[in-house]
Each structure stands twice: as structure tokens, then as C-alpha cells.
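Here are a few notes to read alongside the model. I have kept them short, and they cover two sites.

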Amino acid sequence: MKPSFFDHIIHGGDYNPDQWIDTPEIWDEDMRLMNLAHVNSATVGIFSWAMLEPEEGVYNFDFLDEILDKLHKNGKDVILATPSGARPVWLSQKYPEVLRVEETGIRNEYGVRHNHCLTSPVYREKVQNINRRLAERYKNHPAVKMWHISNEYCGECHCDLCQQAFRDWLKVEYHNSLDELNFKWWNGFWSHQVTDWSQINSPKFRGENHVSAMKLAWRRFVTDSHISFFENEIAPLREITPDIPVTTNFMKLYDGIDYQKFAKKLDLVSWDNYPAWDRGYNEKEACDTAFVHDAFRTMGGGKPFFMMESTPSLVNWHNVNKLPRPGRQELSSIQAVAHGADSVQYFQWRKSRGGHEKYHGAVVDHCGHENTRVFKEVSHLGEVLEKLSDVVGEECNSQVAVVADWENSWAVKYFCGYNNDHRDYFDECIKWYKAFWKKGVSVDVISMEDDFSEYKLVVAPFLYMLKDGTKERIESYVKNGGNFVTTYLSCLVDKDDLCYLGGFPADNLKDIFGIWCEETDSLPDTMKNSVSYSGKSYDVVKVCDLIHSNGATVLGEYEEDFYKNRPAVTVNNYGNGKAYYVAFRNDGDFADEFCNKLSGEASITPDCSIKAGEGISVRKRGNLIFVMNFADGEAKATLDREYTDVLNGKALSGEITLPICGYLVLE
Ligand code: GLA
Ligand code: ZN
């Protein structure tokens with residue numbers, strides 16, 4: 001059991017009492033309802049800036065004082081937000097430079113949110129001012145337990161300040177040398193040599209957008225801009241409230257920012273989880289969501305994370321907003337806990353009366369009382385979470401890692417060639433992840449810069465780009481006994497998208513994998529090839545490499561076309577380990593069956609011996625085993641011994657049947 005910031009599972013969510021300033025009796029009603037709902041926490045102030053600073057330099061904390069006191073009196077923990085995600089109108093009016101400039105070069109007018117310039121010194125100063133005031137005022141408030149920094153950092157700005165900041169960033173990246181930049185960006189192509197830093201602008205649709213190295217640099221710059229904006233925001237908090245942890249809420253597999261880099265700056269990683277349940281693909285949604293939970297858990301160094309938002313019923317931003325069926329939100333929340341979340345939080349506590357999100361799900365609906373299905377379900381879940389506090393702080397032990405690298409996802413997206421219609425990088429990662437998820441084997445989702453050495457098996461699908469040091473790290477991992485798998489179109493370019501010369505996979509990796517890739521074929525959606533592997537035939541779709549074995553054992557071969565009988569799956573013994581190359585894409589069960597075999601060879605043991613039927617996900621965290629039914633009907637599992645059902649204390653053994661959305665927590 002590792003130290004945690006809390007000794008119980010946080011159950012609560014975004015609370016916007018500032019919207020109800022004229023009806024303070026609602027605030028008291030909120031306290032009564034929170035108690036009924038077994039809610040123990042509230043996240044406040046996310047969008048309160050205009051209320052806290054109604055005029056420049058004029059602060060009014062009355063409402064927040066009162067709310068924090070009320071929450072504290074009612075035993076609630078407060079997660080206090082910094083308000084930079086949405087700023088007051090007066091600020092944009094007086095200082096237009098804080099407004100974001102879109103890729104078109106046109107400056108936005110005031111509106112919506114998340115639309116500020118990341119570089120503007122004025123905005124950074126104003127944000128620091130309000131944050132300093134908040135920290136000073138509430139540093140000793142007993143309810144305040146964590147900082148929620150801004151909200152869902154995202155997007156980018158193309159204003160003159162950001163252009164200059166980009167150029168300054170490039171000067172550092174390329175050692176103040178335009179020669180180096182021209183070389184790394186291969187600017188001799190199409191006569192794009194830059195002769196002065198001032199000639200470089202952000203990638204734009206109507207400007208430079210075909211230099212993939214530049215687009216990679218821009219993404220890295222945007223990531224660093226967010227991080228430096230964040231560091232500027234938290235500077236006064238670190239100074240005044242050094243003991244209060246900070247987090248910011250990430251968004252699923254959002255690729256505008258390198259989350260794997262940003263996460264290192266947080267005391268605790270958190271994310272907003274909005275699966276599209278009950279649309280006929282629940283098992284896929286469950287696996288995708290599990291992958292994201294594991295990615296954020298791994299990003300936080302394996303420590304528990306927070307599920308900062310989820311909806312207690314529907315959202316309002318799908319085209320068609322389907323109600324999740326009864327029990328779905330509870331199951332979805334339990335899944336988060338099973339994968340390492342120490343919180344179940346909602347957007348939002350109470351539905352707003354007006355504004356853009358008034359039809360978004362909330363714990364308290366417009367009817368205002370507790371006699372709703374959703375309220376009762378939330379309250380039931382709150383009771384359940386109270387019984388699971390032993391799991392708080394517990395980590396998950398993973399024998400397997402899947403590399404899903406944010407920077408590689410950009411590189412995969414930006415190059416032009418082969419099958420331009422089907423890149424699907426994260427989906428490819430999930431395909432391999434799923435093979436283990438289905439078997440209840442915990443998987444870490446790592447970047448290519450993370451340590452491989454603690455895993456028995458590392459699967460790096462579509463590892464197109466190699467960052468500095470990755471080749472060497474693969475080599476030492478395999479040499480020291482690791483099992484490393486990669487797939488088609490892997491190990492082609494360096495971090496600037498420059499192809500390695502001398503054949504693929506790059507440099508020393510040809511020896512490690514014992515193969516050489518001569519050509520890559522792409523298959524239109526109407527065509528396929530197949531591969532024979534272990535007595536079965538598997539479809540080859542979208543893309544495949546034509547490789548030669550240079551010492552690797554051939555495990556599978558193509559069955560059609562001019563490359564019939566050439567290797568498609570290989571393994572090479574290198575040092576004490578093994579390096580596997582899967583040269584083709586398969587959208588069926590190849591990954592599944594291949595991983596079955598690998599699990600045996602790498603002596604990967606299931607985290608527990610419960611046999612899960614179709615649709616059931618089994619997951620161990622600490623001493624608890626979560627058995628969750630994501631099927632669209634009832635589903636079965638077989639218990640390998642007697643367990644105690646943690647929620648009712650009863651003994652259970654043998655075959656069990658879970659109803660739709662049913663789950664068990666066993667010990
Ligand atoms: C995001 C935001 C919230 C809210 C929800 C709606 O996660 O952070 O403020 O808009 O979406 O689903
Ligand atoms: Zn800007």
C-alpha cells in the first residue's frame with residue numbers, strides 16, 4: 001500500500017454554486033443532497049473568475065468563502081480550481097492579446113472558453129494574480145485538499161507572440177543553427193531552405209503544412225507552451241501552498257499535447273472519462289476505456305489517478321445523446337477504480353438552468369429533488385465506494401507493457417505514403433492491449449522513453465519513429481532477456497521524421513530482429529492477403545512489410561501475391577531475449593492468438609485464476625478482484641476458489657452469473 005493523498009475514494013464532482021448566487025437556499029439544499037448522495041467532495045471555482053474578480057484588480061471572495069465553509073461544515077473535501085480555462089469579458093476587452101489567434105491568422109473575439117493565448121505575458125500575469133489571491137486566501141482552509149489547475153488544457157494559438165515564441169523554441173532545439181534545422185527538416189526538398197529565423201511560421205493550411213519535421217516541432221512547442229503556462233499558473237501555489245497537490249484534467253487520447261511529458265509535472269494525474277456506452281459496442285468501449293485508464297495510471301508513475309469527470313447520465317455533445325442504461329454509470333465507475341482510480345467524480349453536480357450545458361447529465365436534475373433514477377444510482381454508488389476505501393493508494397503490477405507513444409502518434413499521422421487512409425495508431429495499440437485485457441492481465445501503457453526492464457514482455461505496435469536512445473534501449477532490453485514485439489512500418493525514422501539509411505528496421509535493430517524490410521505494400525479496402533501462422537490463416541489488411549530473414553526464425557508466411565511464401569512473422573534470439581516482428585496488419589484475432597503464445601513463452605501469469613466468460617473483464621488491484629460484466633446481457637465467470645463478496649460479506653465460489661452491468665468485488 002502506497003501513501004495516497006486521501007484515505008477514502010473521492011466521490012463528487014464539478015460544483016458551480018456561483019450559477020445560483022441569487023438563490024442561496026439552493027446552496028443549503030445542495031449540502032442536504034450531497035449528504036444523501038454519499039458525495040464527499042466538490043470541485044469548485046473552475047469557471048468563477050468573473051465572479052471572483054468582477055473588475056480588474058477588484059476581488060470578491062464572498063461566495064467562495066461561504067461555499068467552502070458550508071462544504072467543510074458538511075464534511076466535504078474541496079478540490080479548488082484555478083479559473084484560467086475561462087476568463088472574464090472585461091479582460092479580453094481591455095487586453096485583446098489574450099485572445100487566441102486561429103490557424104487562419106484571425107484573432108478570435110471573446111467567447112466560449114479555452115481560447116486564450118498561451119504566450120501572452122498579460123494573460124500569464126493576470127492568471128498568476130488571481131491564483132496568488134486564491135492561494136493566499138485559502139491556504140489554511142481545512143476543506144481545501146487539492147488544486148485543479150485550469151480545465152482541459154487544449155488547442156494552440158498562432159498570434160505574433162506565439163510565432164516568436166516558436167522561433168525562440170526552435171533556436172534552442174536546433175542549437176541556434178539554421179543549417180541544422182534545414183538539414184533536419186530536409187528543406188532542400190521543394191527549395192524550402194530557411195535563411196532567417198523570421199521566415200518560420202507555425203504550420204498552417206494556407207502556408208507550410210507539408211514539412212512533417214516542422215509539424216512535429218510545432219506539436220513539441222505547443223506541449224512546452226502548455227507546460228510553461230501551467231508552471232506559470234502554479235508558481236504562486238507552490239510557493240504559498242507547497243503541501244497541496246496539483247492536478248489538471250486530461251482528455252482521453254487527445255493528441256494536441258504530449259500528455260506523457262506533461263504528466264511528469266503533476267502530483268497526480270487525472271482525466272475526464274466519457275465513454276459512449278449502450279450504442280451496441282460496449283465491449284469495445286470497455287476495452288478502449290480500460291486502455292485509457294491504464295495509460296493515465298502509467299503516466300503518473302503507476303500511482304493511482306483521479307477520474308476527475310464522468311457523466312452520471314448522458315452528455316450533451318454527441319450528435320445523439322443516448323441515455324446509459326441503469327447500472328451503467330456504476331459499472332463504468334467501478335471499472336475506473338479497478339484500473340487504479342482513487343476517485344469517481346462527475347461533471348456535474350447540478351444541472352445549470354441556462355447556458356450551453358443545461359441538458360448535460362448531472363446528479364441533481366432540473367426537478368431539484370432526490371427522487372430520480374440517476375440520483376439514486378449515484379447515491380448507491382457512493383455507499384459502495386465507502387466500502388472500498390481499502391483499495392485507495394493501491395497500485396497494479398504489470399508484467400506486460402504496450403508502447404503507445406504520444407510523439408509517435410503525431411509522426412504516424414504526419415507522414416505521407418503507404419496507406420494514407422488507415423493509420424489508426426492508438427487503435428493498433430489497443431488491439432494488442434486487448435489481448436491481455438481479455439485475459440485479466442494488467443498492462444502498463446508506456447512511452448518509448450519509459451523503462452522497459454521491469455516487464456516480461458513489451459509490445460510496441462507501429463513503432464514508426466524512434467526517439468534518441470530508443471534503439472539502444474530496445475537492444476539492452478532484449479539482450480538482458482526481454483521479449484520485444486513490434487509490427488509493420490516500425491523503426492523507420494528519427495525524431496525529426498528523417499528516414500534511417502541502410503535499410504529498415506533502423507541500424508542495429510536489423511540485427512536484433514534478424515530481419516531486413518525491403519518494401520511495404522498497401523492494400524485498398526477491397527483487397528486482402530493472408531498469412532499462415534501456427535496452422536491457421538489470418539487476413540492481411542491495409543498494410544504489410546515485405547521482409548527478409550537475416551537469421552530470424554520465420555513463424556508465419558504470406559499466402560498470396562508475388563510475395564507468397566515470404567516471411568510475415570519472425571522471432572530472433574538475441575542475447576538472452578527475443579525480438580518478434582509482425583510484418584502485417586490484421587484486424588481479426590491474430591494479436592489475440594499470438595499473445596496467447598507469447599504469454600506462455602514469456603511466462604506471463606494471469607493476475608488471478610478466475611475464468612471469465614465472454615464480455616467479462618477481471619481486474620486485480622491490491623487484494624481486491626473486480627469482476628465486471630460489459631456484455632449486452634448476462635454473463636458468466638468461474639471462480640477458482642472461495643472468495644468473499646466485499647460488498648455484502650458473503651462467500652462465493654463456482655460458477656457465477658452476472659446480470660447486465662453487474663459486477664462483483666471479491667477478496
Ligand atoms: C468537459 C469539461 C466540462 C464539461 C464537460 C461536459 O469535460 O471539462 O467543463 O464541459 O466536458 O461533458
Ligand atoms: Zn498567442
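1. Four cysteine sulfurs, Cys117 (SG), Cys157 (SG), Cys159 (SG) and Cys162 (SG), coordinate the zinc ion (ligand 2) at 2.3 Å. Donors here are N, O and S atoms within 2.8 Å of the metal (3.2 Å for Na, K and Ca); water is not among the atoms, so sites may look incomplete. This is a predicted model: local features need pLDDT of at least 70, side-chain atom pairs count only at pLDDT 80 or more, and totals for chains, interfaces and linings use all residues. Residues are numbered from 1 along each chain as its sequence is written, chains are lettered from A and ligands numbered from 1 in the order in which they are written, and side-chain values use heavy atoms, with hydrogens and water left out.

2. Along the chain, the donors of the zinc ion (ligand 2) are spaced as C-x39-C-x1-C-x2-C. Cysteine 117 sits in the loop between helix H4 (89-94) and helix H5 (121-138), and cysteine 162 in helix H6 (residues 160-173), so the pair ties together parts that are 45 residues apart in sequence. Helices are DSSP runs (H or I, at least four residues), numbered from the N terminus.

3. Now to ligand 1: a polar side-chain atom of glutamate 152 is 2.6 Å from one of the ligand's oxygen atoms. For arginine 113, a polar side-chain atom lies 2.8 Å from an oxygen atom of ligand 1. In asparagine 151, a side-chain N or O atom is 2.9 Å from an oxygen atom of ligand 1.

How values were computed. Polar contact = N/O pair within 3.5 Å; in protein donor to acceptor, adjacent residues only side chain to side chain. Helix = DSSP H or I, 4+ residues; strand = E, 2+ residues; numbered from the N terminus.
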